[in-house]
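Please look at the structure shown below and keep it at hand while reading. The paragraphs that follow lead from the pairing of strands to the packing of helices.

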Protein chains: 2
Amino acid sequence: MTNPTAAMLVIGDEILSGRTRDANMHHLAGELTAAGITLAEVRIVADDHDVIVDAVKALAARYDTVFSSGGIGPTHDDITADCMAAAFGQRIDVREDARAILQAHYDKAGTEMNDARLRMARIPDDAKLIENPVSSAPGFTIENVHVMAGVPSVFKAMVASVLPTLTGGAPLISKTLTVHRGEGDIAGPLGDLAAAYPGLSMGSYPFQRDGKYGSNVVVRGQDAALLDEAMAQLEAAFT
Amino acid sequence: MTNPTAAMLVIGDEILSGRTRDANMHHLAGELTAAGITLAEVRIVADDHDVIVDAVKALAARYDTVFSSGGIGPTHDDITADCMAAAFGQRIDVREDARAILQAHYDKAGTEMNDARLRMARIPDDAKLIENPVSSAPGFTIENVHVMAGVPSVFKAMVASVLPTLTGGAPLISKTLTVHRGEGDIAGPLGDLAAAYPGLSMGSYPFQRDGKYGSNVVVRGQDAALLDEAMAQLEAAFT
């Protein structure tokens with residue numbers, strides 16, 4: 001069985017300039033793997049209308065589901081919602097359901113609504129709102145794209161809102177064997193084992209510790225019994 | 001003046017599965033920004049031949065320079081060198097200059113050369129080797145693509161080998177003003193200021209601290225005097 005595929009589109013100059021280190025990708029990767037959805041590609045692009053539109057179209061066509069992060073706040077550099085509407089040929093304007101959610105939030109906080117805040121109620125016509133329990137301004141789902149905030153606490157909350165609505169496959173199980181030998185020593189037998197277990201994926205991730213070479217050999221698959229069998233063979237070969 | 005553009009291609013299942021958190025992108029982003037090269041896009045893809053070939057072709061055509069990380073070790077899942085050769089229609093085989101570097105390294109370490117280690121000397125015909133002072137196995141430059149290791153210490157060393165050979169523009173200067181008000185409060189005046197300084201880029205990055213909203217307003221540009229002037233205006237408006 002092949003698991004559903006997903007891609008992530010990270011929108012943000014601040015990550016490309018090295019100012020901020022993205023945290024959302026690593027979080028989403030772990031959540032999707034646990035849910036049996038294969039994260040197949042991530043793209044990080046700048047706050048540029050045409051680049052965002054091109055990227056979302058390419059990813060939405062290629063993968064089952066796309067998650068975006070960033071660019072849905074109230075400031076002039078938040079252009080994601082308009083890009084998503086353009087990518088799918090939808091009209092976008094302040095939508096009453098989103099406006100009501102924001103208004104209730106600001107009324108409760110004693111904050112005034114203004115033009116900038118109202119920008120966060122701009123939602124494409126046929127999109128479905130994604131709940132934001134942290135700061136109320138909603139994300140939205142348009143076609144197969146889930147459009148979410150870049151602030152990590154809000155991103156996490158939105159992922160938690162969306163994930164239960166998706167159909168995953170069997171969760172991917174992963175086991176790691178740490179081998180205290182260089183990759184060059186283990187590559188031959190490891191390649192033979194990988195060929196003997198086409199239903200599993202085997203990867204080798206080298207490291208250096210205290211001046212010595214080692215490698216974490218990771219075996220991934222959905223069949224627990226097969227995984228145990230392969231791990232036993234690996235241990236016999238390398239320890 | 002427009003700075004040269006770059007893209008990064010991260011090759012590795014282990015990052016997409018959430019097992020490993022990538023560190024190389026953040027490092028490269030900072031180095032390029034300091035060198036006056038704009039990192040415009042990052043793609044993270046799986047260890048899949050066709051996907052890697054497609055991605056490197058797309059990025060090499062769109063940007064001045066491409067940096068890849070990962071997949072050039074001795075194990076069966078290290079397929080990057082062959083993908084790069086395929087992307088640019090070059091022949092690839094064990095190359096004598098690369099073999100000699102590896103042989104000298106293993107002779108010194110008293111380690112035996114074997115088929116797996118020899119894989120690391122597979123270099124496309126017209127590629128130029130990139131020095132690896134950490135573990136000797138070289139990276140290579142093919143057309144406008146710099147192909148480097150995924151192990152962070154080696155990646156860093158290879159970036160240091162390559163960067164001085166590139167022509168950058170004026171370094172991007174960046175200044176940050178932390179405003180202890182919600183983005184919705186500052187978005188209007190900030191948008192006006194951004195429009196008044198088309199030669200600078202202004203971004204707003206919201207945060208929550210101790211239950212209160214704030215925002216880091218980041219101004220980026222290459223003209224230090226203009227940047228100082230805009231920062232003074234920002235401070236007058238928001239503090």
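In chain A, strand 3 (residues 65–69) and strand 8 (residues 145–148) pair in the parallel sense over four bridges, where two strands are said to pair if DSSP finds at least two bridges between them. Within this pair, Ser69(A) stands opposite Met148(A) of strand 8 of chain A. Helix 4 (residues 80–87) of chain A packs on the sheet, where it touches strand 1 (5–11), strand 3, strand 7 (139–142) and strand 8 of chain A, and its direction makes about 10 degrees with that of strand 7 of chain A. Touching, or contact, means heavy atoms within 4.5 Å; the angles run from 0 to 180 degrees between N-to-C directions, and the axes are lines fitted to C-alpha atoms, for helices over the stretch in contact. The helices (H or I, at least four residues) and the strands (E, at least two) are DSSP runs, numbered from the N terminus.

Before going further, note that this is a predicted model, in which local features need pLDDT of at least 70 and side-chain atom pairs count only at pLDDT 80 or more, while totals for chains, interfaces and linings use all residues. Residues are numbered from 1 along each chain as its sequence is written, chains are lettered from A and ligands numbered from 1 in the order in which they are written, and side-chain values use heavy atoms, with hydrogens and water left out.

Which sheet do strand 3 and strand 8 of chain A belong to? They are part of an open sheet of 12 strands with mixed pairing, whose order is 6(A)-7(A)-8(A)-3(A)-1(A)-2(A)-2(B)-1(B)-3(B)-8(B)-7(B)-6(B). At its edges stand strand 6 (128–130) of chain A and strand 6 (128–130) of chain B, and because each has a single partner strand, one side of each is left without a neighbour in the sheet. Neighbouring strands of this sheet are turned by 20 degrees against each other on average, direction ignored.

The relation between the two chains can be stated as a movement: a turn of 180 degrees, with a shift of 0.0 Å along the axis, lays chain A on chain B with an RMSD of 0.0 Å. Such copies are superposed by least squares on the C-alpha atoms of residues with pLDDT of at least 70 in both. This is the relation of a two-fold axis. In chain A, the C-alpha nearest the axis belongs to Arg43(A) and is 2.2 Å from it. The same surface serves both copies, since 100% of the contact residues of chain A recur in chain B.

Next come the helices, starting with helix 4 of chain A again. The axes of helix 3 (residues 49–62) of chain A and helix 4 of chain A come within 9 Å and cross at roughly 50 degrees. The two helices are therefore oblique to each other, given that angles under 35 degrees count as roughly parallel, over 145 as roughly antiparallel, 65 to 115 as roughly perpendicular and the rest as oblique. On the helix 3 side of chain A, His49(A), Ile52(A), Val53(A), Val56(A) and Lys57(A) meet Asp82(A), Cys83(A), Met84(A), Ala86(A) and Ala87(A) in helix 4 of chain A. The residues of this contact divide into seven nonpolar, one polar and two charged, where Ala, Val, Leu, Ile, Met, Phe, Trp, Tyr, Cys and Pro count as nonpolar, Asp, Glu, Lys and Arg as charged, and the others, Gly among them, as polar.

In chain B, helix 2 (residues 24–35) and helix 7 (residues 152–162) pack at an angle of about 20 degrees, with their axes 10 Å apart, and they are therefore roughly parallel to each other. Here Asn24(B), His27(B), Leu28(B) and Glu31(B) in helix 2 meet Pro152(B), Phe155(B), Lys156(B) and Val159(B) in helix 7.

Chain B also offers an open sheet of three strands, in the order 9-11-10, with antiparallel pairing. Strand 9 (173–179) and strand 10 (201–209) of chain B stand at the edges, each with a single partner strand, so one side of each is left without a neighbour in the sheet. The twist averages 20 degrees from one strand to the next. Nine bridges join strand 10 of chain B to strand 11 (residues 212–221) of chain B, and these two strands run antiparallel. Arg209(B) stands opposite Lys212(B) in strand 11 of chain B. Helix 8 (residues 183–196) of chain B lies across strand 9, strand 10 and strand 11 of chain B, running at about 170 degrees to strand 10 of chain B.
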